[in-house]
Amino acid sequence: HWQNFLKTVEKHSKDLSSYYEKKTKNYLAFIDYPIELRKYLYTTNAVENINSGIKVMRYDLGGYFQSVRALEVNLFLQFVNLNDKWMRQVCHDNKSATI
């Protein structure tokens, strides 16, 4: 699946595909864990998540922000979207599910 993903990305951007290929070990690190645990593995690092979103926005805008104002607007949107995403996450802790 990873190789198919890289081929698909390469059709749109060879640079991005090369970047992902260099980081293959990082992206697929979860495979080293038993399958029962994989669904529970995710990053809790908010800064890492925000930085990743900023990289995606920068890439979508052609590799740079056109102005400081454009950066500010995009950062605001990134924070709002992440906050919305975090607030919608389901709590899997059965102890706190007392209604």
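Asn-74 is in contact with Met-57, Leu-61 and Phe-65, its neighbours within four places in sequence being left aside. The residue lies in helix H6, which spans residues 68-87, and at 17% relative accessibility Asn-74 counts as buried, because the limit for that class is under 20% relative accessible area. The model described here is predicted. The points below take up the chain as a whole, then helix H1, its packing against helix H2, and the pair Leu-6 and Ser-17.

**The chain as a whole**

- The chain holds 6 helices and 0 strands, and its pattern, read along the sequence, is α-α-α-α-α-α.
- Among the 99 residues of the chain, 15% count as buried.
- Of the contacts in the chain with a separation of 6 or more, 36% are accounted for by residues 24 or more positions apart.

**Helix H1: buried and exposed sides**

- Helix H1 runs over residues 2-12, and within this helix Trp-2, Leu-6 and Val-9 are buried.
- Viewed down the axis of H1, these buried residues fall within an arc of 65°, so they line one face of the helix.
- Lys-7 and Lys-11 are exposed, and they lie on the other side of H1.
- The cover over the buried residues of H1 includes two helices, H2 (14-22) and H3 (24-27).

**Packing of H1 against H2**

- The axes of H1 and H2 are 6 Å apart, and the two helices pack at an angle of about 155°.
- H1 and H2 are therefore roughly antiparallel to each other, because angles over 145 degrees fall in that class.
- From H1, the residues that take part in the contact are Trp-2, Phe-5, Leu-6, Val-9, Glu-10 and His-12; from H2, they are Lys-14, Leu-16, Ser-17, Tyr-20 and Glu-21.
- By character, the residues of this contact between H1 and H2 divide into 6 nonpolar, 2 polar and 3 charged.

**Leu-6, on the H1 side**

- Leu-6 is found in helix H1 and is buried, with a relative accessible area of 4%.
- When residues up to four places away in sequence are not counted, Leu-6 touches Ser-17, Tyr-20 and Glu-21.
- Leu-6 and Ser-17 are 11 residues apart along the chain, yet their C-alpha atoms are separated by 5.5 Å.

**Ser-17, on the H2 side**

- Ser-17 has its place in helix H2 and is likewise buried, with a relative accessible area of 5%.
- With its neighbours within four places in sequence left aside, Ser-17 is in contact with Leu-6, Val-9 and Glu-10.
- The side chain of Ser-17 reaches the backbone oxygen of Leu-6 at a distance of 3.1 Å.

**Points to keep in view**

- Two of the buried residues of H1, Leu-6 and Val-9, are also among the residues that Ser-17 contacts.
- Glu-10 in H1 belongs to the contact with H2 and is one of the contacts of Ser-17.
- Tyr-20 and Glu-21 in H2 belong to the contact with H1, and Leu-6 touches both of these residues.
- Trp-2 is buried in H1 and is one of the H1 residues that meet H2.

Key. Residues are numbered from 1 along each chain as its sequence is written. This is a predicted model: local features need pLDDT of at least 70, side-chain atom pairs count only at pLDDT 80 or more; totals for chains, interfaces and linings use all residues. Side-chain values use heavy atoms; hydrogens and water are left out. Buried means under 20% relative accessible area, exposed over 50%, partly exposed in between (1.4 Å probe, protein chains only). Helices (H or I, at least four residues) and strands (E, at least two) are DSSP runs, numbered from the N terminus. The arc is that of the directions from the helix axis to the C-beta atoms. Contact means heavy atoms within 4.5 Å. A polar contact is a pair of N or O atoms within 3.5 Å; within protein, one must be able to donate a hydrogen and the other to accept it, and residues adjacent in sequence count only if both atoms are side-chain atoms. Axes are lines fitted to C-alpha atoms, for helices over the stretch in contact, and angles run from 0 to 180 degrees between N-to-C directions. Angles under 35 degrees count as roughly parallel, over 145 as roughly antiparallel, 65 to 115 as roughly perpendicular and the rest as oblique. Ala, Val, Leu, Ile, Met, Phe, Trp, Tyr, Cys and Pro count as nonpolar, Asp, Glu, Lys and Arg as charged, and the others, Gly among them, as polar.
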